[in-house]
Amino acid sequence: MVVFGLFNISFNTNQSEGYNIAEISDGVLPFKSCQSANRFVIKIIPCFSKIFMPERGGALVTGFNIDNFIPDGPSLDRLGNVERIMISKENIKKATDIYKSPNLGITMCQASYYMMGEDVYSTIEEFSEKIFFVHFRNAVGTKTNFHETFHDNGAIDTKRAIELYKKYTPNVPIRVDHVPLMAGESQKTVGYAVLGRLFAIGYLKGLME
């Protein structure tokens with residue numbers, strides 16, 4: 001099996017959402033067997049002509065994510081028995097080129113691209129016509145060991161990122177993404193707790209204005 005999407009299963013000791021491959025045992029990894037990534041791509045190509053049929057009538061398909069690709073997190077080529085595809089800018093570019101449609105794009109999860117080792121700022125410019133949604137997020141570390149930070153305190157220059165979004169994707173929806181867990185908040189909502197997100201929304205609004 002090949003899986004798209006986020007698989008965060010570890011939280012570091014400072015109660016900030018994150019991932020450390022050294023702390024993960026095989027027993028908690030999903031799925032017992034998998035197909036190769038190449039086999040999956042061969043199977044999915046014919047599906048796109050059916051997924052995007054509504055565009056022939058002028059409708060916009062919205063809503064893995066049917067209409068846009070989001071990076072795998074963490075961006076490892078294999079996690080246990082799960083092969084990953086959306087692990088680099090090159091792979092995501094190939095995915096958007098599989099089926100030529102103006103309705104097929106990407107979710108720009110900026111911290112995921114940073115942890116891939118990609119240049120976030122040139123990626124925004126390069127993918128500008130394909131960015132349908134922005135995950136405003138910051139982090140430190142690498143794809144094998146990272147944790148989330150507040151939006152003003154990570155490796156990404158978020159002010160510079162917002163300037164690029166305003167220049168190249170001014171009409172694209174944006175939302176704040178993962179934040180550190182703060183004192184008194186529940187681990188059940190780690191990454192999406194209220195206090196950190198209130199700060200993140202205010203910080204984003206300040207940058208935008």
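Tutor: Before we start, a helix here is a DSSP run of H or I with at least four residues and a strand is a run of E with at least two, both numbered from the N terminus. The model is predicted, so to speak of a local feature we need pLDDT of at least 70 and for side-chain atom pairs pLDDT 80 or more, while totals for chains, interfaces and linings use all residues. Residues are numbered from 1 along each chain as its sequence is written, and side-chain values use heavy atoms, with hydrogens and water left out.

Student: Okay, how many helices and strands does the protein have?

Tutor: Try both kinds of run on the whole protein. The helices come to six, and the strands to ten.

Student: What share of the protein's residues is buried?

Tutor: Buried means under 20% relative accessible area, exposed means over 50%, and partly exposed is in between (1.4 Å probe, protein chains only). The protein has 209 residues, and the buried part of them is 44%.

Student: And how much of the area that the protein exposes comes from carbon and sulfur atoms?

Tutor: Areas come from the Shrake-Rupley method with a 1.4 Å probe, and for residues only the protein chains shown count as cover. The protein exposes about 10,800 Å². Of that, the carbon and sulfur share is 56%.

Student: How many salt bridges are there?

Tutor: The rule asks for a side-chain nitrogen of Lys or Arg within 4 Å of a carboxyl oxygen of Asp or Glu. Going by that, the number of salt bridges is seven.

Student: K89 is in one of them, so which residue does it meet?

Tutor: K89 sits in helix α2, residues 89-98, and its partner is in helix α4, so the bridge ties together parts 37 residues apart in sequence. K89 is buried at 15% relative accessibility, while the partner is partly exposed at 46%. The N to O distance is 3.1 Å, and the partner is E126.

Student: Which helix holds both E163 and K159?

Tutor: These two form a salt bridge, with their closest N and O atoms 2.7 Å apart. Both are partly exposed, E163 at 43% and K159 at 48%. They lie four residues apart, about one turn, in helix α5 (residues 158-168).

Student: Is D177 buried or exposed?

Tutor: D177 lies in the loop between β10 and α6. Its salt bridge partner R175, 3.3 Å away at the closest N and O atoms, is partly exposed at 27%. D177 itself has 2% relative accessibility, so it counts as buried.

Student: Which other side chain, along with R175's, makes a polar contact with D177?

Tutor: A polar contact is a pair of N or O atoms within 3.5 Å; within protein one must be able to donate a hydrogen and the other to accept it, and residues adjacent in sequence count only if both atoms are side-chain atoms. D177 and R175 have one at 3.3 Å. At 3.2 Å, D177 also has one with H178.

Student: How many aromatic pairs are there?

Tutor: Rings of Phe, Tyr and Trp (its six-membered ring) pair if their centres lie within 6.5 Å; planes under 30 degrees apart are stacked, over 60 edge-to-face, and the rest tilted. Searching the whole structure gives three.

Student: What kind of pair do Y113 and F127 form?

Tutor: Y113 is in helix α3 (residues 110-116) and F127 in the loop between α4 and β7, 14 residues apart. Both are buried, Y113 at 0% and F127 at 3%. Their ring centres are 6.3 Å apart with 70° between the planes, so the pair is, by the cut-offs, edge-to-face.

Student: And what kind of pair is F199 with Y203?

Tutor: They are four residues apart in helix α6, about one helical turn. F199 is partly exposed at 35%, and so is Y203 at 23%. Their centres are 6.0 Å apart and their planes at 10°, so the pair is stacked.

Student: Which residue joins F199 and Y203 in a cluster?

Tutor: Here we follow the ring pairs from one residue to another. Linked with F199 and Y203 in this way is F150.

Student: Last one: which ring does the charged end of R160 sit over?

Tutor: For this, NZ of Lys or CZ of Arg must be within 6 Å of the ring centre and within 35 degrees of the ring normal. The charged end of R160 is 3.9 Å from the centre of its ring, which belongs to Y121.
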